[in-house]
Amino acid sequence: LITPARLDIKRTQTTIGTTIKILQSKSSAIDMLRQLHVIFCSAVLLLLPLTVLSALWTRTIVRPSSSCFLESGARSSMSLMVNLRGGEIEAAKSLDHVKEILSQAEERKQLVVLKFTSRDCAPCQMVAPLYLELSESEEFSNVVFLHVDVDETPDVASFYQVASWPTFLFWKNGDVQTEIIGGKLAQATLYDWVKLFMPKEE
């Protein structure tokens, strides 16, 4: 005979067994989740270095090589432009050289524009393209444009009493007609002064 006490014990055992099975199934699910988590983290750890290496490869190799190519191309173009366009400005080699140019220009009744500049002079660099443009203009084909680098020929600047740069002297008929001192003033008035003093067609 099954007594109530034995029935309660059996029910309790059944309940405990069911609970254990549920806990075991939950434990298995938790273990599975943990395993998936470990696998996911491992995959991330494996992919992360590859991503970083890929980014570094792109930045250090692909992009710089392209920029270097562009820079080298730009430098080549710039050098070519200087070689093609820079021949119409006469560079002063010495004081005697400058005096010889002025003497010949006086005989030919030409205007000579002397530009005094320094390598580290920012205003000089600012006005340099304008000076180059004027020297190449057909309008001023009879004007002599002279470039005096005061770092290379300081005696020329001293002889003509030039103490600041850029300075532009306008030499005509054996004498200095006027001068421009400063990059901004030259940028605004250089064309007008050359136009004013250039030889007039007869």
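In which hand does α3 pass α5? In this predicted model, the crossing of α3 with α5 is right-handed. The paragraphs below begin with the overall fold, return to this helix pair, and then turn to two buried residues.

The protein is built from five helices and five strands. Read from the N terminus, these elements follow the order α-β-α-β-α-β-α-β-β-α. Of the 202 residues of the protein, 27% are classed as buried. The accessible surface amounts to about 14400 Å², and carbon and sulfur atoms contribute 61% of that area. Among contacts with a sequence separation of 6 or more, 71% link residues that lie 24 or more positions apart.

With that overview in place, the helix pair can be looked at again. Helix α3 spans residues 122-136 and helix α5 spans residues 183-197. Their axes lie 9 Å apart and make an angle of about 15°. Because this angle falls under 35 degrees, α3 counts as roughly parallel to α5. On the α3 side, the contact is made by Pro-123, Met-126, Val-127, Leu-130, Tyr-131 and Leu-134. The α5 side contributes Gly-183, Lys-184, Ala-186, Gln-187, Leu-190, Tyr-191 and Val-194. Sorted by character, the residues of this contact comprise 10 nonpolar, two polar and one charged.

Helix α3 also holds Cys-124. At a relative accessibility of 4%, Cys-124 is under the 20% cut-off and therefore counts as buried. Which residues does Cys-124 touch, once those up to four places away in sequence are set aside? The partners of Cys-124 are Thr-117, Ser-118, Trp-165 and Pro-166. A further spatial relation links Cys-124 with Gly-182: the two residues are 58 positions apart in sequence, while their C-alpha atoms are separated by 8.2 Å.

A second buried site is found in helix α4, which covers residues 154-159 and includes Ala-157. The relative accessibility of Ala-157 is 5%, again under 20%, so Ala-157 is classed as buried. Leaving out neighbours within four places in sequence, Ala-157 is in contact with Phe-116, Val-150 and Val-162. Along the chain, Ala-157 and Leu-95 are 62 residues apart, and in space their C-alpha atoms are 9.0 Å from each other.

Key:
Residues numbered from 1 in each chain as written. Predicted model: local features only at pLDDT ≥ 70, side-chain atom pairs only at ≥ 80, totals over all residues. Heavy atoms only, no water. Helix = DSSP H or I, 4+ residues; strand = E, 2+ residues; numbered from the N terminus. Buried < 20%, exposed > 50% of the residue type's maximum accessible area, 1.4 Å probe, protein only. Contact = heavy atoms within 4.5 Å. Areas by Shrake-Rupley, 256 points an atom, 1.4 Å probe, with all protein chains shown as cover. Axes fitted to C-alpha atoms, helices over the stretch in contact; angles between N-to-C directions. Parallel < 35°, antiparallel > 145°, perpendicular 65-115°, else oblique. Left-handed = near helix turned anticlockwise from the far one by under 90°. Nonpolar A, V, L, I, M, F, W, Y, C, P; charged D, E, K, R; others polar.
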